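Visitor: Please pick one part of this model and go through it closely. After that, place it among the other parts.

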Amino acid sequence: MTFNFNKESKIYVAGHRGLVGSAILDLLKKRGYQNLIYREKEQLDLRRQAEVEAFFNKEKPEFLFIAAAKVGGILANKTYKAEFIYDNLAISSNLINSAYSCGVKKLINLGSSCIYPADAPQPLKEEYLLTGKPEKTNEPYAIAKIAGLKLCQFYNEQYGTDYLTLMPPNLYGLNDKFNLETSHFIPAILRKFALARALQDNNFIFIKKDLVLHPIGFGLDYNLDLTRIEKIEELLEKLGITREYIKLWGSGKPRREFLAVEDLADAMLYFMENVSFRDSGEFVNIGYQRDYTIAEAADIMKKITDYKGEIVFDETYPDGVFQKKLNTIKAERLGWKPKIKFEDGLQRLYSSVLKKIGEIMTTKEILEKYKTIVVYGMSTNPAKPANEVPHYMMARGYKIIPLNPMTEEIDGLKCYKSLKDIPDEIDILDVFRRSEDCLAVVEEAVERRNSRGDIKVIWLQLGIINNEAKKLAEENGIEFIQDKCIKIEYNINF
Ligand SMILES: NC(=O)c1ccc[n+]([C@@H]2O[C@H](COP(=O)([O-])OP(=O)(O)OC[C@H]3O[C@@H](n4cnc5c(N)ncnc54)[C@H](OP(=O)(O)O)[C@@H]3O)[C@@H](O)[C@H]2O)c1
């Protein structure tokens, strides 16, 4: 190895919150790399050239892993064509050119098996790239990813850099997107089978937690009614999930290769540490070495979840390319092989998903645990939920403290003007506010938590999720809950 890549090296992981980025960050930490940098998309939008250049000039990373990209399944690729080509071109160009300008010693970039020509012979050898047209359904993404790979190649050729691209197949792992409309195949079937199994067990608490945790897609998130079992069953049926059968898209016949994301992270680190593009050529396939039909993969999932119904294939949906299998001889020759067996990886993923969903506390569980609730912006208008919900809770023995700077008293309860004025210890801050305003509320709550040690939960009753507010609350040890449904009964009983 020519570069001094060591535990103190300054390493930038671009896209660290994503499926691949989070796996590489975890692995680097586990292996003792200490000087790691990363930025949220909200802090650094990688499509903005000036911002990316300023960031590299300031931070001067020595090594770079590129895991930032706009990624999605067939439907997302078809719907957001312009975004798929523009975002991916911009992200690759900005990162690779800034890396060169700031003297990054080495970078690992990612391609994908789906950028090979649709009619290339199988298994896909590296030399088949650009010998034909990519699959129509993901053409914008493929063109942009090929451009990223070629950027690395041409910078190496013109400037003598060492930028290497790895080509993985379909990946799976916990930090994936589980939206049933836009997700990849593995998260989609895992979620469908997990929901079907819960339905089989009449475990509606699990189903509600799942539906609240991950967006569903198909416009179904907006009118989500989790108050009635029959409505939930109806919703699941629309998604092809019933006690008797699960409906999957396509014929089930196409073959796909799946790699655990932890294996890809291992390969990225291995190639960063050990392999120069001078030995490997511009890019290397990183695969699992065998593929499965969609039907076989679904069958494994069925066994893991112990779902007793049938699997039905809906052939009105497209199949995509018939086979995508990588030839991995080059990677093996360079000393890398996958370690995680497909069945074990899926089993581990299912267990992690169950654990994550199990950890969500329902409103009911939270209310049982905490008793003093400050209602921020409690309304004087009895018909508004900002008044109705607190009264419903009061009637059930919760101690309510209204917080409203506009009035002295609401329904006999003394009203406080600011969080600072409330003397009692507070468990829950219940906020009736639009989500755009809720960051200011969370900042106030964090200030109080840091000075008085109370406020354990912020329960936001209205609006779409405000990720910045959520993050700030959670970083300060405050649980952040946001209800998708403001029906009183549901709030209290779920
Ligand atoms: N997933 C697969 O099956 C698969 C297969 C083959 C190859 N790959 C390749 O692996 C790489 C990573 O994919 P992934 O599955 O990990 O995707 P992912 O989970 O969607 O993660 C992508 C990351 O990029 C970030 N990002 C997107 N646009 C950005 C922007 N404008 N500015 C800053 N950050 C931005 C996202 O930030 P937010 O978290 O804020 O959205 C996210 O952290 C991609 O190059 C992809 O082509 C993936």
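**A sheet and its surroundings**

Guide: Strands β3 and β4 (residues 106-110) run parallel and are joined by three bridges. In one of these pairs, Phe-63 of β3 has Lys-106 of β4 as its bridge partner. The model is a predicted one, in which local features need pLDDT of at least 70 and side-chain atom pairs count only at pLDDT 80 or more, while totals for chains, interfaces and linings use all residues. Residues are numbered from 1 along each chain as its sequence is written. The element names follow DSSP runs, numbered from the N terminus: helices are H or I runs of at least four residues, and strands are E runs of at least two. Two strands pair if DSSP finds at least two bridges between them.

β3 and β4 belong to an open sheet of six strands, with the order β2-β1-β3-β4-β5-β10 and parallel pairing. At its edges are β2 and β10 (283-285), each of which pairs on one side only. In general, the strands of a sheet pair through backbone hydrogen bonds, either parallel or antiparallel.

Now take β1 within this sheet. Strand β1 covers residues 11-14, and both of its faces are covered. Ile-11 and Val-13 on one side, and Tyr-12 and Ala-14 on the other, are all buried (20 or more other C-beta atoms within 10 Å of a residue's own; 12 or fewer is exposed, anything in between partly exposed, and C-beta atoms are placed from the backbone). Toward β3 (residues 63-66), β1 runs parallel and is joined by four bridges. One partner pair here is Tyr-12 with Leu-64 in β3. Toward β2 (residues 36-37), β1 again runs parallel, joined by two bridges. In that pair of strands, Ile-11 stands opposite Leu-36. The chain gets from β1 to β2 through α1, and this β-α-β crossover is right-handed, that is, with the strands pointing away from the viewer, the path from the first strand over the helix to the second runs clockwise.

Helix α1 (19-30) leads on to the ligand. There are 24 residues around the ligand, and Gly-15, Gly-18, Leu-19, Lys-41 and Ala-69 come nearest; a residue is near a molecule or strand if its C-beta atom, placed from the backbone, lies within 6 Å of it. The elements that give two or more residues to this shell are α1, α4 (81-101) and β6 (170-172). The largest share comes from α1, with three residues. Sorted by class, the shell holds 11 nonpolar, six polar and seven charged residues. Here nonpolar means Ala, Val, Leu, Ile, Met, Phe, Trp, Tyr, Cys and Pro, charged means Asp, Glu, Lys and Arg, and the others, Gly among them, are polar.

After β4 comes a loop that leads to α5 (139-159), and Pro-123 has its place there. The peptide bond from Gln-122 to Pro-123 is cis, with omega near -10°.

A second open sheet has three strands in the order β11-β8-β13, and its pairing is mixed. β11 (292-293) and β13 (323-324) are its edge strands, each pairing on one side only. Between β8 (residues 255-256) and β13 the pairing is parallel, over two bridges. Arg-255 has Gln-323 in β13 as its bridge partner.

Trp-336 sits in the loop between α12 (329-333) and α13 (342-358). Trp-336 counts as buried because it has 22 C-beta neighbours inside 10 Å. From C-alpha to C-alpha, Trp-336 and Asp-266 are 9.0 Å apart in space, although 70 residues apart in sequence. Apart from neighbours within four places in sequence, Trp-336 is in contact with Ala-267, Tyr-270 and Ala-331 (C-beta atoms, placed from the backbone, within 7 Å).

Two other loop residues have a positive phi without being glycine. Asn-202 has phi near 55° and lies in the loop between α6 (185-200) and α7 (204-213). With 11 C-beta neighbours inside 10 Å, Asn-202 counts as exposed. Asp-411 has a phi of about 50° and is found in the loop between β16 (409-410) and β17 (413-414). Asp-411 is partly exposed, with 14 other C-beta atoms within 10 Å.

Last comes helix α17 (residues 467-475), where Ala-469, Lys-470 and Ala-473 are buried. Seen down the axis of α17, these buried residues fall within an arc of 100°, so they line one face of the helix; the arc is that of the directions from the helix axis to the C-beta atoms. Just after α17, Gly-477 takes a positive phi of about 75°.

Technical notes:
Contact = placed C-beta atoms within 7 Å.
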